[in-house]
Amino acid sequence: MSRRRTASTKKKLALLVTAAAVAGGGAFALATTSNASQSTAQNAKTLSAANSTVCQGLATALGNNQKFIDGQRAAPDAQSSARIANREAVIAQIKVQQKASGCAVGESAQDSQVAQPAQSAPAGSKTTPAATPPAAGNTGGGAAAAGSQVCNGSTVTLSGEAGAPAASSNQFPAGTTLKVTNLDNNKSTTVKVTSVSGSCVLLNNAAFEQVREPGKFLIRRALIQKVG
């Protein structure tokens with residue numbers, strides 16, 4: 001009887017040790033699974049933020065080119081047809097990039113800018129007439145002194161045009177030299193304005209590649225200077 005009791009006690013201890021080991025392994029597995037889930041969620045957030053930046057940049061580029069086309073159609077000249085055809089080809093390429101990046105194809109920055117309804121002034125209050133904004137292309141940027149900062153607060157994107165590094169602008173005439181610095185990576189490019197666009201400065205593909213951050217189609221913090 002003594003031997004049987006001793007053997008039985010040893011078996012019970014062995015079973016308890018095994019159960020504890022299994023429980024510990026299960027806890028470790030749960031902890032590992034939890035850590036993996038958190039890492040996956042964090043990576044998903046990072047990718048989502050990066051993709052959002054890419055999509056916003058492409059939407060801005062598309063909107064700028066569409067704005068330029070609208071301007072050419074509103075005030076056409078002898079070269080408008082050729083300019084419009086060129087920008088339509090650029091927009092087609094941007095749409096290809098939007099599809100490849102998982103963005104909404106055809107979405108432009110202007111699509112998301114919904115006008116806010118005007119609020120009525122309280123009865124009996126005096127209102128001051130709003131100042132009339134300057135017309136596009138006539139903001140006085142072209143008269144800025146050499147070396148001065150221009151287009152304060154403007155973002156910079158690409159026009160989608162090929163060729164040697166160059167820029168287009170609605171404020172500076174052809175031949176104007178501009179220096180564009182991406183303050184997020186301190187890369188700069190100095191280019192000449194060669195054509196008209198719908199914003200202060202658009203860089204063509206070659207110029208944008210000189211200052212861009214990998215995977216981004218928009219420079220949020222840019223220093224733009226008139227040179228010479």
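Cys-151 and Cys-200 are both buried in this structure, which is a predicted model. The two residues are joined to each other by a disulfide, with a distance of 1.5 Å from S to S. Cys-151 is placed in the loop between strand 1 and strand 2 (156-158), whereas Cys-200 belongs to the loop between strand 5 (187-196) and strand 6 (202-203), so this link ties together parts of the chain that lie 49 residues apart in sequence.

A search of the whole structure returns two disulfides, and the other one connects Cys-55 with Cys-103 at an S to S distance of 2.0 Å. The link of Cys-55 and Cys-103 is left-handed, with an angle of -85° about the S-S bond. Because Cys-55 is part of helix 1 (residues 2-74) and Cys-103 is found in the loop between helix 2 (80-100) and strand 1 (149-150), the pair ties together parts that are 48 residues apart in sequence. Both ends of this disulfide fall under the 20% limit for burial, Cys-55 being buried with a relative accessible area of 14% and Cys-103 being buried with a value of 10%. When the bonded cysteines are counted along the protein chain, the disulfides follow the pattern 1-2, 3-4.

Cys-151 also appears in the description of the nonpolar interior, as one of the residues with the most contacts inside the largest nonpolar core, which comprises 31 residues. The others listed with the most contacts inside this core are Val-156, Phe-172, Val-201, Leu-203 and Ile-224. Two or more residues are given to the core by each of helix 1, helix 2, strand 2, strand 4, strand 5, helix 3 (205-211) and strand 8 (222-227), and among these elements helix 1 gives the most, with six residues. In soluble globular proteins, nonpolar side chains tend to be buried together.

Strand 4, which is among the elements that give two or more residues to the core, spans residues 177-182 and includes Thr-177. Thr-177 is itself buried, as its relative accessible area is 16%, a value to be read against the limit of under 20% that defines burial. When its neighbours within four places in sequence are left aside, Thr-177 is in contact with Thr-190, Val-191 and Lys-192, and also with Gln-225, Lys-226 and Val-227.

Definitions and conventions:
Residues numbered from 1 in each chain as written. Predicted model: local features only at pLDDT ≥ 70, side-chain atom pairs only at ≥ 80, totals over all residues. Heavy atoms only, no water. Disulfide = S-S within 2.5 Å. Helix = DSSP H or I, 4+ residues; strand = E, 2+ residues; numbered from the N terminus. Buried < 20%, exposed > 50% of the residue type's maximum accessible area, 1.4 Å probe, protein only. Contact = heavy atoms within 4.5 Å. Core = buried A, V, L, I, M, F, W, Y, C linked by side-chain atoms within 4.5 Å.
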